[in-house]
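Grab a coffee and open the viewer. Here are some exercises to work through with the structure on screen, each with a solution underneath.

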Amino acid sequence: MAKEARKAGKKKEQLMKIFSGRLRKILMQLPVDFAEVQEIRMRIHAPLLIVYQNREYAVLEQGGLGAVDTGAIQITREEIRETLELISNHSLYAYEEEIRQGFITIQGGHRVGIAGKTVVDERFMIKGMKYISFLNIRVSHEVKGCADKLMPYLWGKNQVKQTLLISPPCCGKTTMLRDVVRQLSNGSPDGAERREGLTVGVVDERSEIGACYMGEPQNDLGIRTDILDCCPKAQGMMMLIRTMSPQVVAVDEIGSREELDAMYYVMNCGAKLIATVHGTSMEDIRTKPILTQMVAQRLFERYVILDQIPTIGSIRQIFDEGEHLLYSQV
Amino acid sequence: MEYITMAGVVLLLMGSNGLGYCFCQQKIRRRRQLGELTQLLILLQGEIRCHKTVLEEAFLILQDKTSGFCHAFLQEMVAGLQQQDGCRFVEIWNRAILSVQEQVAFSQEERKLWMELGSRIGYLDLQMQEQVLEQYITFFTDRVHWLEGQEAQTCRIYRVFGAAGGLLLAVLLL
């Protein structure tokens, strides 16, 4: 418990270091539980906003949280510039690809969304971004045990089920995936449902699942997990199958045709797939052109719908391959 | 009295020769250190080109591959970057240079260029990093070659002037 608390404290300090001096001082002194902070938003010449326990607050000049019109800190251009330099370790060149996609993942697995003026090439493809004036820091949290309720549904005949986690943004699907990977990797040697640990391969395209820093995962993904960091998902899945012999492959936010082909490859090679996708319901998933075929072919054996009510990461429903309801929160 | 005078002349000659030798060694040290700095920039260029390494990480890795003033400079850079006290990169860079300036024998121009490099690294894209570093590597390499060419002659001049100067002073005193 003390070790976890120390780790959480260290993570908070790491996150705070990306902010400019003035903001860092005020944020460090905020009377909030860091584990409940979801987002920190910086916009040029606008109040510093924080999403805490699912509600939006302004950070006040004299410290504390309050309404937007009650003396909130105003973000200056210099503070955005300084924060961006710290986020990129004074090396924006190293994040060209990420900036093209509109985000940078920082140490700790936190995703910083960026917006500004895009620079396009002759084919109108985004080449980069300048005058970055808007930052959205989505704070990542490792919640060990959040998949406890889900795990029994992912097993059948001593095998892991091909699983798709479905949720809208900010409902904890990456956090859930992280814990599923950890529990599959470590197994559960004790208790009524004794399970052996499995070799898990993770394709961590955005460095959010394992949050590797100089090759070391900052999040606990289990003792039998191999991570391909900052690797495109389609290529990563093929590489893992060919070289790391995973029993389970985990990927976050699938969505392209190439990724779908790679998923077929994984399944045909005998490995089990745990993936996440943006969506709100089974009906929503059936309308996605990439997934509708897989749903029709019953390739996924479990569909898990997540929600933020009553809390982020709540399991709303679980379906089997025939779309029969196995669990409902209501 | 004569013995004291002779001893004084001998000491004078030794001192002036020593001075000539010191200036010569300074030149050699300058050439060698410029070579070390050039090597550091080549390694940095490699880290950025091959691995797109961020600067703090690159400096940390290169610490183990360097020695002398380069190692001390990189140590200061890593410490400054890790502190994240809100200083701009160029400020941390200049501070690191100032911390090792007693150890280096660069000319004013070379020192100025080294400081200027701090304001150009990390700016814009990958290609820019490579080009900027290439420009400085080329300059410093040319400078090293020029110094190498001049070294023998310059050292000879320093030694001759040292000896001649000492002799002249000895004659004047006598």
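The exercises below cover cysteines, aromatic rings, domains and the chain contact in this predicted model.

**Exercise 1. Find the disulfide count over all chains, and work out the handedness of what you find.**

Step 1. Go through the cysteine sulfurs and keep pairs within 2.5 Å. The count comes to one disulfide over all chains.

Step 2. Name the partners: B:Cys24 is joined to B:Cys155, with 2.2 Å from S to S. That value fits within the 2.5 Å cut-off.

Step 3. Place them on the chain. B:Cys24 belongs to helix 1 (residues 2-51) of chain B and B:Cys155 to helix 6 (residues 126-173) of chain B, so the pair links distant parts of the chain, 131 residues apart.

Step 4. Turn to the torsion. About the S-S bond of B:Cys24 and B:Cys155 it is about 100°, so this disulfide is right-handed. Both B:Cys24 and B:Cys155 are buried.

**Exercise 2. Is B:Cys87 buried or exposed, and how does A:Cys230 score for accessibility?**

Step 1. Recall the cut-offs: buried is under 20% relative accessible area and exposed is over 50%, with partly exposed in between.

Step 2. B:Cys87 has 18% relative accessibility, so it counts as buried.

Step 3. A:Cys230 comes out at 46% relative accessible area, so it is partly exposed.

**Exercise 3. Pick apart the aromatic pair of B:Phe73 and B:Trp114.**

Step 1. Start with the total: there are 14 aromatic pairs over all chains.

Step 2. For B:Phe73 and B:Trp114, the ring centres are 5.1 Å apart and the planes make an angle of 55°. Planes under 30 degrees apart would be stacked and over 60 edge-to-face, so this pair is tilted.

Step 3. Locate the partners. B:Phe73 sits in helix 3 (residues 68-83) of chain B and B:Trp114 in helix 5 (residues 108-120) of chain B, 41 residues apart.

Step 4. Check accessibility. B:Phe73 is at 1% relative accessibility, so it counts as buried; B:Trp114 is also at 1% and counts as buried.

Step 5. Zoom out. Ring pairs tie both into a cluster with B:Phe59, B:Phe69, B:Phe89, B:Trp93 and B:Phe106.

**Exercise 4. Describe how domain 1 and domain 2 of chain A meet.**

Step 1. Set the bounds: the domain assignment gives domain 1 as 9-138 and domain 2 as 151-328. Their C-alpha centres lie 29 Å apart.

Step 2. Look at the contact. On the domain 1 side 13 residues take part, and on the domain 2 side eleven residues.

Step 3. Add the area: the two domains of chain A bury about 1000 Å² between them, with 43% of it on carbon and sulfur atoms.

Step 4. Find the main contributors. In domain 1 of chain A, A:Asn54, A:Gln107 and A:Arg111 lose the most area to domain 2, together 39% of what that side buries.

Step 5. Take a second look at A:Arg111, which also lies over the face of A:Phe103, at 5.5 Å from the ring centre.

**Exercise 5. Which three residues of chain A supply 40% of the area it buries against chain B?**

Step 1. Size up the contact: 17 residues come from chain A and 22 residues from chain B.

Step 2. Get the area. Chain A and chain B bury about 1700 Å² between them, 52% of it on carbon and sulfur atoms.

Step 3. Name the trio: A:His90, A:Tyr93 and A:Met214 supply that 40%, more than any other three residues.

Note on methods:
Residues are numbered from 1 along each chain as its sequence is written. Chains are lettered from A and ligands numbered from 1 in the order in which they are written. This is a predicted model: local features need pLDDT of at least 70, side-chain atom pairs count only at pLDDT 80 or more; totals for chains, interfaces and linings use all residues. Side-chain values use heavy atoms; hydrogens and water are left out. Helices (H or I, at least four residues) and strands (E, at least two) are DSSP runs, numbered from the N terminus. Buried means under 20% relative accessible area, exposed over 50%, partly exposed in between (1.4 Å probe, protein chains only). Rings of Phe, Tyr and Trp (its six-membered ring) pair if their centres lie within 6.5 Å; planes under 30 degrees apart count as stacked, over 60 as edge-to-face and the rest as tilted. A charge sits over a ring if NZ of Lys or CZ of Arg is within 6 Å of the ring centre and within 35 degrees of the ring normal. Domain bounds come from an automatic or database domain assignment. Contact means heavy atoms within 4.5 Å. Buried area is the accessible area (1.4 Å probe) that two parts lose on being put together, summed over both.
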